[in-house]
Structures are given as structure tokens and as C-alpha cells.
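Biologist: Please show me how to read packing and burial in a model, giving the general idea and then the case at hand.

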Amino acid sequence: MYKIRIHGRGGQGAKKAAKMVGMAAFNRGKQVQDFALYGAERRGAPVMSFVRIDDTPILERGNIDDPDVVLVLDRTLVDLINVADGLTENGMLIVNSGHEIAIDTLATVKHVDATSIALETIGKPIFNTTMLGALAKLTGIISIDALNWAIEEELAHYPKELVQANKDAVRKCYEVAQ
């Protein structure tokens, strides 16, 4: 089973990002769970969402305390909460940041400036979908084609230009993530 935890702030789309990852994996024949945990339930408050992906039915329930990968949508959360909690030396932490992050963890730490990519590509700081490009590239758990399908499905009620801009941002983030 592959476990993903996404940290963000209320209004940044952590829940929607988890849903799109789940949709992409499900569309490729995987068993998935995606859900969110709300803290103070207000815009800007720290929130988490979770995704489990497996080839067999998932019987485990509850929050993910031992993730394989953690995606951090907002770099300021690194200073507020232990986003690396539960990660092992085999895990990966991916942070939306323009520079390297100093954090006490045995896991591999990666960063990508998804905010700048979103501003350049979408014209707005919509970095939840953008960060999924880094997730796809750095983990290989989902393909860019599956992500594009999930984005089209989830954002179908938005203008086509915005859907395409999100797909372009995911592609650009996929290309620069390393």
C-alpha cells in the first residue's frame, strides 16, 4: 500500500489535490481512499488530506501516521507543525518552496517552486494541482496522463482555458521536479 499525506491550509485545495490523486489512481485500476481532516475549519488554518493506493482492497481506516510521501502545499507550515512526522528514511517530503528546506528528518527532502509555476502558467497562486506534477515525477505512483484525466474530470465545470492552464502547470512542475 502506498500512503500519501498532504499538508495545506484551508482554501489551498489540499482536499481537492487528494481527490485528484485518488481519481487518477482509481482510473488506472487501483484501489484508493482519499479523505481530509479539518482542524479549526476555517480558511487559512492547517489542514491535512490523505490518500491510500493499493492493488488490493484497502481495509485500513483512519488518518495516515506512517506516510510514504508527504506533500506540503504551503512552506510556512514547516515552521508550525511537524510535517515530517511518521516519515522514515525510505520516505519523501516534497515542499512547495523556491529554496531548500532545512528540516530534521531521515526522509528525502525535495522542493519545487509550485507557486511561481502556478503564477506563470495559471496566472493565480493555485498550486495544489501544480504540486501534483512533482508528486507524479518524484514518486512515479501516478502518471501525468492519469493526472490530466483527473484534472479534466474534477475541473470540468470550470472554463476550458483554466483546465488547460492547470494541466500545463502540472506538466511544467513535472518537468522541473528533481
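Modeller: Let us start with one helix pair, in which Ile117, Glu120 and Thr121 of H2 meet Ala165, Asp168, Ala169, Lys172, Cys173 and Val176 of H5; contact here means heavy atoms within 4.5 Å, and helices (H or I, at least four residues) and strands (E, at least two) are DSSP runs numbered from the N terminus. By class, this contact has 5 nonpolar, 1 polar and 3 charged residues, where Ala, Val, Leu, Ile, Met, Phe, Trp, Tyr, Cys and Pro count as nonpolar, Asp, Glu, Lys and Arg as charged, and the others, Gly among them, as polar. The model is predicted, with local features needing pLDDT of at least 70 and side-chain atom pairs counting only at pLDDT 80 or more, while totals for chains, interfaces and linings use all residues. Residues are numbered from 1 along each chain as its sequence is written, and side-chain values use heavy atoms, with hydrogens and water left out.

Biologist: At what angle do H2 and H5 pack, and how far apart are their axes?

Modeller: Two packed helices are described by the angle between their axes and the distance between the axes. Helix H2 (residues 114-121) and helix H5 (residues 160-176) pack at about 140 degrees with axes 9 Å apart; the axes are lines fitted to C-alpha atoms, for helices over the stretch in contact, and angles run from 0 to 180 degrees between N-to-C directions. H2 and H5 are therefore oblique to each other, since angles under 35 degrees count as roughly parallel, over 145 as roughly antiparallel, 65 to 115 as roughly perpendicular and the rest as oblique. H2 passes H5 in a right-handed crossing, that is, the near helix is turned clockwise from the far one by less than a right angle, whereas anticlockwise would be left-handed.

Biologist: Is alanine 169 of that contact buried or exposed?

Modeller: Alanine 169, in helix H5, has 0% relative accessibility and so counts as buried; buried means under 20% relative accessible area, exposed over 50%, and partly exposed in between (1.4 Å probe, protein chains only). Leaving out residues up to four places away in sequence, alanine 169 touches Ile117, Thr121, Ile122 and Thr130. Glycine 86, by contrast, is partly exposed at 28%, and it is found in the loop between strand E4 (69-72) and strand E5 (92-96).

Biologist: Which residues touch the most other members in the largest nonpolar core?

Modeller: In soluble globular proteins, nonpolar side chains tend to be buried together. A nonpolar core is a set of buried Ala, Val, Leu, Ile, Met, Phe, Trp, Tyr and Cys residues joined through side-chain atoms within 4.5 Å. The largest has 43 residues, of which Ile4, Ile6, Val21, Ile94, Leu132, Leu135 and Ile142 touch the most other members, and helix H1 (residues 14-27) gives the largest share, 8 residues. Apart from it lies another core of 11 residues, among them Val70, Val78, Leu87 and Val95.

Biologist: At roughly what angle do the axes of H1 and H3 cross?

Modeller: The axes of H1 and H3 cross at roughly 45 degrees and come within 9 Å, which makes H1 oblique to H3. Lys16, Ala17, Met20 and Val21 of H1 make this contact with Asn128, Thr129, Leu132 and Leu135 of H3. Asparagine 128, in helix H3 (residues 128-139), counts as buried because its relative accessibility is 5%.
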